[in-house]
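Please examine the sequence and the model shown below. The report that follows describes selected local features in running text.

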Amino acid sequence: IIGRPDIQQHFIKNASIVSGTCTGFVSNYIINDMVFDYVIIDEAAKATFPELLISVIRAKRIVMVGDHKQLPPVLDEDLIRKSKNEFEESNIDSSTLFHSIFMKMFNHLPVENRQVLSTQYRMHPGIGTMISNLFYDNQISNGLDTSERDHCIQNYKNLAIVWIDTSNHPKRFDEQVATSYKNLLESSIVKEQLKIISDNLKDSKYDVGVITPYSAQKNLIRKEIESINCINFNSQIVVNSVDAFQGGQKDIILYSTVRSSDKYKSIRFLKSEERLNVAFSRAKRLLIIIGDAQYLSNTDTHDNRFTDIIKYIKVNSEYCKIIDFMTIMGKQRKEVQ
């Protein structure tokens with residue numbers, strides 16, 4: 001509230017509900033000393049311990065809402081690495097900092113203090129079942145029928161998950177850009193797919209998003225699709241990182257995996273379960289994954305969930321399909337001829 005401090009104080013002190021960020025409460029001296037009957041903390045799993053503590057000490061009762069199987073708190077990893085000696089001297093395992101306090105509390109609180117929402121109403125059942133299978137031990141059920149999440153993209157009729165596989169393309173490899181990566185082939189495929197989606201949209205207008213784990217690829221795709229006519233989309237195409245998409249949803253999500261090489265096998269933070277969970281669960285009707293399935297299905301990589309994702313797609317052919325990009329190119333050549 002902008003205005004005289006006494007007017008601010010009047011409105012805040014007499015309000016039934018006061019909203020703000022965890023750290024925002026500290027910056028306002030009027031709220032700073034208030035105690036609330038209830039404090040509801042949304043996205044609590046992403047909050048650091050100090051952020052949660054700021055809110056908790058102002059509450060008689062606390063309701064924390066979050067999902068510790070999605071994105072964890074954002075920490076200064078450089079500072080943590082530089083403080084390695086201090087952690088060791090204090091017998092503190094720095095890796096535990098990346099586990100949210102929300103998760104620790106959820107695991108230690110009595111059963112009667114915990115509630116799990118076990119039915120999802122966002123995704124097509126084909127997508128929802130994969131998310132439940134891979135990330136929630138099959139504990140999440142689908143509250144929607146497939147007919148409620150149908151789409152009008154004729155190229156992928158009746159499909160909810162499509163993997164466009166670049167494994168056989170000679171130019172499939174990624175390129176390093178400083179500490180990030182980009183993939184020229186995948187950015188061009190994203191552009192082609194957006195055109196296909198737009199051409200299929202007539203009376204139905206969908207929200208479409210593009211997610212990629214690397215900033216260099218995000219910038220490349222944004223530049224690549226500048227010339228696309230978005231008139232058939234419900235809103236402007238959103239291209240962003242996984243972290244920026246948490247809490248959001250789109251009818252159609254395109255996910256560019258980026259990583260591909262014949263020299264190294266590490267996929268590094270691309271294998272993060274939390275980020276994969278967030279990225280794939282943003283799609284309501286159709287999830288299109290673009291990437292080198294052969295490279296990403298490397299079983300030598302510890303905790304690589306892409307092997308399970310590819311296996312799920314192959315087993316569930318009713319709603320899922322892997323398409324060789326070289327096959328798509330072959331069809332396009334024939335059409336041109």
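The sections below treat salt bridges, one helix, one loop serine, a surface patch and two backbone angles.

**Salt bridges**

This is a predicted model, and 10 salt bridges are counted in it. Three of these pairs are set out in the table.

| Pair | N to O distance | Relative accessibility of the basic residue | Relative accessibility of the acidic residue |
|---|---|---|---|
| Lys69 and Asp137 | 3.9 Å | Lys69, 30% | Asp137, 56% |
| Arg81 and Asp78 | 2.4 Å | Arg81, 54% | Asp78, 44% |
| Lys284 and Asp251 | 3.8 Å | Lys284, 19% | Asp251, 7% |

The side chains of Lys69 and Asp137 form a salt bridge with an N to O distance of 3.9 Å. This pair links distant parts of the chain, the two residues being 68 residues apart. Lys69 is placed in the loop between β2 (59–64) and α5 (77–82), and Asp137 in the loop between α8 (125–135) and β4 (141–142). Asp137 is exposed because its relative accessibility is 56%, and Lys69 is partly exposed at 30%.

The pair of Arg81 and Asp78 is contained in a single helix, α5. Their closest N and O atoms are 2.4 Å apart. Because the two residues are 3 residues apart in α5, about one helical turn separates them. In an α-helix there are 3.6 residues a turn, so residues three or four places apart point the same way. Arg81 is exposed, with a relative accessible area of 54%, whereas Asp78 is partly exposed at 44%.

Lys284 and Asp251 meet through their side chains in a salt bridge of 3.8 Å, N to O. Lys284 belongs to strand β11 (residues 283–291) and Asp251 to strand β10 (residues 250–256), so the bridge ties together parts of the chain that are 33 residues apart in sequence. Is each partner buried or exposed, at 19% for Lys284 and 7% for Asp251? Lys284 counts as buried because its relative accessibility of 19% is under the 20% limit. Asp251 is likewise buried, with a relative accessible area of 7%. Arg285 joins these two residues, and Asp251, Lys284 and Arg285 are linked in a network of salt bridges.

**Helix α14**

Helix α14 spans residues 306–315, and its buried residues are Phe306, Ile309, Ile310, Tyr312 and Ile313. Viewed down the axis of α14, these buried residues fall within an arc of 155 degrees, so they line one face of the helix. The face turned away from this buried side carries the exposed residues Lys311, Lys314 and Val315. As for packing, the buried residues of α14 lie against α8, β5, α12 (273–280), β11, α13 (293–296) and β12 (320–324). Strand β11, one of these packing partners, is also the strand that holds Lys284.

**Ser167 in its loop**

Ser167 is found in the loop between β5 (161–165) and β6 (175–177). Its relative accessible area is 8%, and Ser167 is therefore buried. Which residues does Ser167 contact, leaving aside its neighbours within four places in sequence? They are Arg172, Asp292, Ala293 and Gln294. Two of these contacts involve backbone nitrogens. The side chain of Ser167 reaches the backbone nitrogen of Gln294 at 3.0 Å, and a polar atom of the Ser167 side chain lies 3.3 Å from the backbone nitrogen of Ala293.

**A nonpolar surface patch**

Tyr38, Ile40, Val63 and Val65 make up a nonpolar patch on the surface, with a joint accessible area of about 400 Å². Within this patch, Tyr38 lies in strand β1 (residues 36–41). Tyr38 counts as exposed because its relative accessibility is 53%.

**Positive phi angles**

Most residues other than glycine have a negative phi. Two asparagines depart from this pattern. Asn138 has a positive phi of about 60 degrees although it is not a glycine. Asn138 lies in the loop between α8 and β4, the loop that also holds Asp137. With a relative accessible area of 53%, Asn138 is exposed. Asn158 is the other example, with a positive phi near 70 degrees. Asn158 occupies the loop between β4 and β5 and is exposed at 55% relative accessibility.

Notes
Residues numbered from 1 in each chain as written. Predicted model: local features only at pLDDT ≥ 70, side-chain atom pairs only at ≥ 80, totals over all residues. Heavy atoms only, no water. Helix = DSSP H or I, 4+ residues; strand = E, 2+ residues; numbered from the N terminus. Buried < 20%, exposed > 50% of the residue type's maximum accessible area, 1.4 Å probe, protein only. Polar contact = N/O pair within 3.5 Å; in protein donor to acceptor, adjacent residues only side chain to side chain. Contact = heavy atoms within 4.5 Å. Patch = residues over 30% accessible without salt bridge, like charges linked within 9 Å, V, L, I, M, F, W, Y side chains within 5 Å. Areas by Shrake-Rupley, 256 points an atom, 1.4 Å probe, with all protein chains shown as cover. Salt bridge = Lys/Arg side-chain N within 4 Å of Asp/Glu carboxyl O. Arc of directions from axis to C-beta.
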